Amino acid sequence: LETIAGISTDRLASFARREAEVYARARPKALKALKDGAGTFLGGVPMHWMADWPMPHLPLVAKARGARIEDIDGHTLDDFCLGDTGSMFGHSPPPVAKAIRAQARRGLTYMLPTEAALEAGRLLTHRFGPFRWQIATTATDANRFALRVARAITGRPKVLVFNGCYHGTVDDTFVSLENGRTVTSPGLLGQVNDPTQTAVCAEFNDLASVEAGLAQGDVAAILTEPVMTNSCMVLPEAGFHDGLRQLSRKYGALLIIDETHTISSGLGGYTRVHSLRPDIFVVGKCVAGGMPTAVWGLTDETARRYHEADAKREPGRTGMGTTLSANPMQFACLVATLSEVMTPDNYAHMEKLAERLSHGLAKTIYRHRAPWHVVRVGARVEFICAPGPLRNGTEAGMAHQPRVEAAIHTGLINRGTLIAPFHNMMLISPATKKAQVDRLIANFDTILTDLFQ
Ligand code: PMP
């Protein structure tokens, strides 16, 4: 009997077919609207990732509030995708919505700071630590600017990243490992320069491979997530982060921690919760409650070195900053989020329900004897259709089961639950209810009952 992730391929195929039919039948309005109106977009979607959702066609969202999304066909979904972390604190958190209404009367962008900007700086330092902050609009940009600073400070060309990483569409980071060698990641569109000239790839949880990458002395910075969240979910082994910190110092590279997803870990992100000591700290997506905003911050020592490098620079453009960044709407939303949304109470709620979800899914997997596992990082839960734990991007790459995952995602949507596409990530927001978590666990159980019968 041919199987995939422990499931008979025949059973999987018939399940996937049935679920696709159920989905399409239930959304005639969206189908018609898309047929009539999506043609103006390249490939029929306003952002090409949207074409990668696994359903037969996209739903059109009517509105979203808290942890629920409603589509134009009248279906209400419990939202565990939450914009892939952009809305980790729920859709339109009330303090953020209020801040938006107030700022909407005062102008949207002026390339000048406000009093709220100063308050946001104080709150960022209070929440994440004593960094010297800059505001960007996407985490991609924040990472790009952080890298530029690291190169300016060290005068070195390369960034060390981990196999299977994702830090946004940062050109430099699209490398992977092939038989231990750094190669250009497959699939890039229009790639003309050779990223292996400016990046070196190492394996997560493997300090020897990190040291080998640093040993040539041409690495400006290690750029890493505290947990690999874009390759299934790979947790750092004991001592890995300490080792990274020591090796980066030994070889004169900066350490950039990208908290864009691991902000789920708890107050102040994984860095605060686990006392990491990055030279540059980056976080985006939900940091302003869903208003497009990212922040990056330098330690005092890194800031001092930045000013030194900046003073030596020839007059001209730095290659950092964008016109709409650090706008007053971002500051209003940062203040609201940092002071009223990223609170101990909210994180406690998120943590508690995520624990319930993770436990419920693990129990279901065990009962069905599925060769799968569950990982949790604070409010972020992921089921992986392969045995665990996974140690690195290579193992995560092999654990990924796109066909199985696509079928399950559609099956979950048909039963009222939305999880993140492309992997199996579920987020708990402050607005998520216990009943929604229990519904997700029950839906997962129904699907596994069908698949593993
Ligand atoms: N860093 C990490 C860890 C991410 O996962 C992502 C996006 N998934 C980014 C940065 C980039 O964020 P954005 O797409 O908002 O630029």
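Start by selecting strand β12 (residues 254-258) together with strand β13 (residues 280-283). In this predicted model, the two strands pair in the parallel sense, with three bridges between them. To see one of the matched positions, show Ile-256 and look across to β13: the bridge partner there is Ile-280.

Now turn to the other pairing of β12. Select strand β11 (residues 219-224), which runs parallel to β12 and is joined to it by four bridges. Pick out Ile-222 and you'll find Leu-255 of β12 standing opposite. To follow the chain from β11 to β12, add helix α7 (residues 240-250), since the path crosses through that helix. This β-α-β crossover is right-handed.

Stay on β12 and switch on its side chains. Which way do they point? Leu-254, Ile-256 and Asp-258 go one way, while Leu-255 and Ile-257 go the other. Both sets are buried, and the strand as a whole is mostly covered, with five of its five residues buried. Asp-258 is worth a click here, as it points the same way as Leu-254 and Ile-256.

Next stop: Pro-226, in the loop between β11 and α7. Is this loop residue buried or exposed? Pro-226 has 25 other C-beta atoms within 10 Å, and 20 or more count as buried, so Pro-226 is buried. Set aside its neighbours within four places in sequence, then select its contacts: Pro-236, His-241, Ile-257, Glu-259, Thr-262, Tyr-270, Thr-271, His-274 and Leu-276. You've met one of these already, as Ile-257 belongs to the β12 residues you just displayed. For a sense of distance, draw a line from the C-alpha of Pro-226 to that of Gln-216: the two are 10 residues apart in sequence and 24 Å apart in space.

Now go to the ligand and show the 14 residues around it. The ones that come nearest are Thr-138, Ala-139, Thr-140, Gly-168 and Thr-260. Colour helix α5 (residues 139-154) as well, because you'll want to see which element gives the largest share of this shell: α5 does, with three residues. By type, the shell divides into nine polar, three charged and two nonpolar residues.

Finish at helix α9 (residues 300-312). From its first C-alpha to its last, this 13-residue helix reaches 19 Å, close to the 18 Å expected at 1.5 Å a residue. How many of its residues are buried? The number is one of the 13, so α9 lies largely in the open.

Terms used
Residues are numbered from 1 along each chain as its sequence is written. This is a predicted model: local features need pLDDT of at least 70, side-chain atom pairs count only at pLDDT 80 or more; totals for chains, interfaces and linings use all residues. A residue is near a molecule or strand if its C-beta atom, placed from the backbone, lies within 6 Å of it. Ala, Val, Leu, Ile, Met, Phe, Trp, Tyr, Cys and Pro count as nonpolar, Asp, Glu, Lys and Arg as charged, and the others, Gly among them, as polar. A residue is buried if 20 or more other C-beta atoms lie within 10 Å of its own, exposed if 12 or fewer, and partly exposed in between; C-beta atoms are placed from the backbone. Two strands pair if DSSP finds at least two bridges between them. A crossover is right-handed if, with the strands pointing away from the viewer, the path from the first strand over the helix to the second runs clockwise. Two residues are in contact if their C-beta atoms, placed from the backbone, lie within 7 Å. The expected span of a helix is 1.5 Å times one less than its number of residues.
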